[in-house]
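Biologist: I should like to go through this model with you, strand by strand and then into its interior. Please reason each point through before you give the value or name.

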Amino acid sequence: MEKFYANKMGSTSVEFSMLVLPFFFTLFAILSVGYSALIQAELDRAAGLIASDISLHATNYTTSTGYLNQVGCSKFLGALLDCKKVELSAINISGDLRDYDEKVNDELLWSPGCGNDLVLIELIYPFSASFSPIAIADVVFRGGHKYYRSRSIIKREPILTGAGSC
C-alpha cells in the first residue's frame with residue numbers, strides 16, 4: 001500500500017485535468033467582460049463628442065440618420081463601432097430629469113431643440129451575446145432586443161443656435 005501512495009506518476013495529468021476547465025472558463029469570462037467594457041467605452045466617447053457637436057449646430061439636420069451619415073460616422077465613431085448599427089436620438093427635455101432615467105426610446109426621436117434647451121442625447125448599439133453575467137455596460141431592451149446605451153445631456157448654445165429661435 002505504501003508503494004501506491006509513493007507513486008507520483010500521473011499526478012500532473014490529474015491536476016491539469018482538474019484545472020484546465022476552470023482556467024479556460026475564467027479566461028473566456030475575462031475576454032467577454034473586456035469586450036463589453038470596450039464597446040461601452042467607445043460608445044460613451046462617441047456620445048460625448050456627438051453631444052458637444054449637437055450643442056453647437058444640430059439644427060442643420062432633419063433626422064438623426066442624416067446627421068450620423070453626414071457628420072457623426074466619419075467624425076466621431078471609431079473603427080470599433082459599425083456605423084450602420086449605431087442609432088442616435090435627441091430628445092428636447094423639460095421638467096425633472098428623473099422622468100427620463102429609465103425611459104428607452106422605442107423609435108429614433110430627433111428633436112435637438114433650440115438655444116438654451118436641455119437635450120438628452122442617446123446612442124444605442126446592438127448587444128452581442130455575452131458569456132459574462134456581470135453588467136459592465138448600460139444594457140437596455142428595445143423592441144425585444146438588447147442594446148448597449150450611452151446618454152449625455154447638453155444645454156444648447158444660445159448664441160450659435162440662433163439666440164433661442166429655430
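Biologist: Which residue in β4 is the bridge partner of Glu-122?

Modeller: The model is a predicted one. Strands β2 and β4 run antiparallel and are joined by 9 bridges. Within β4, the residue that partners Glu-122 is Arg-151.

Biologist: Which residue in β4 does Phe-141 stand opposite?

Modeller: Strand β3 covers residues 139-142. An antiparallel arrangement with 4 bridges links β3 to β4. In β4, the residue opposite Phe-141 is Lys-146.

Biologist: Which residue takes a positive phi in the hairpin of β3 and β4?

Modeller: The two strands of this hairpin have 2 residues between them. A phi near 60 degrees, hence positive, is found in the hairpin at Gly-143.

Biologist: Is Ser-150 buried or exposed?

Modeller: Ser-150 belongs to strand β4. Its contacts beyond four places in sequence include Leu-43, Ala-47, Ile-121 and Leu-123. Because its relative accessible area is 3%, and the limit for burial is under 20%, Ser-150 is classed as buried.

Biologist: With which side chain does that of Ser-150 make a polar contact?

Modeller: Gln-40 and Asp-44 are among the residues in contact with Ser-150 once neighbours within four places in sequence are set aside. The polar contact between side chains spans 2.6 Å, and the partner of Ser-150 in it is Asp-44.

Biologist: Is Ser-152, also in β4, buried or exposed?

Modeller: Beyond four places in sequence, Ser-152 is in contact with Ala-47, Ala-51, Val-119, Leu-120 and Ile-121. The relative accessibility of Ser-152 is 19%. Since burial requires a value under 20%, Ser-152 counts as buried.

Biologist: Which element gives the largest share of the largest nonpolar core?

Modeller: This core has 26 residues, and Ile-50, Ile-54, Tyr-67, Leu-88, Ile-121 and Leu-123 touch the most other members. The elements that give two or more residues to it are α2 (11-57), α3 (64-76), β1 (87-93), β2 (118-126) and β4 (145-155). The largest share, 7 residues, comes from α2.

Biologist: Which residues are in contact with Tyr-67, leaving aside neighbours within four places in sequence?

Modeller: Tyr-67 is one of the core residues that touch the most other members. Ile-50, Ile-54 and Leu-88 belong to that group too, and each is in contact with Tyr-67. The full list is Ile-50, Asp-53, Ile-54, Tyr-61, Gly-72, Phe-76, Leu-88 and Trp-110.

Key
Residues numbered from 1 in each chain as written. Predicted model: local features only at pLDDT ≥ 70, side-chain atom pairs only at ≥ 80, totals over all residues. Heavy atoms only, no water. Core = buried A, V, L, I, M, F, W, Y, C linked by side-chain atoms within 4.5 Å. Buried < 20%, exposed > 50% of the residue type's maximum accessible area, 1.4 Å probe, protein only. Contact = heavy atoms within 4.5 Å. Polar contact = N/O pair within 3.5 Å; in protein donor to acceptor, adjacent residues only side chain to side chain. Pairing = 2+ DSSP bridges.
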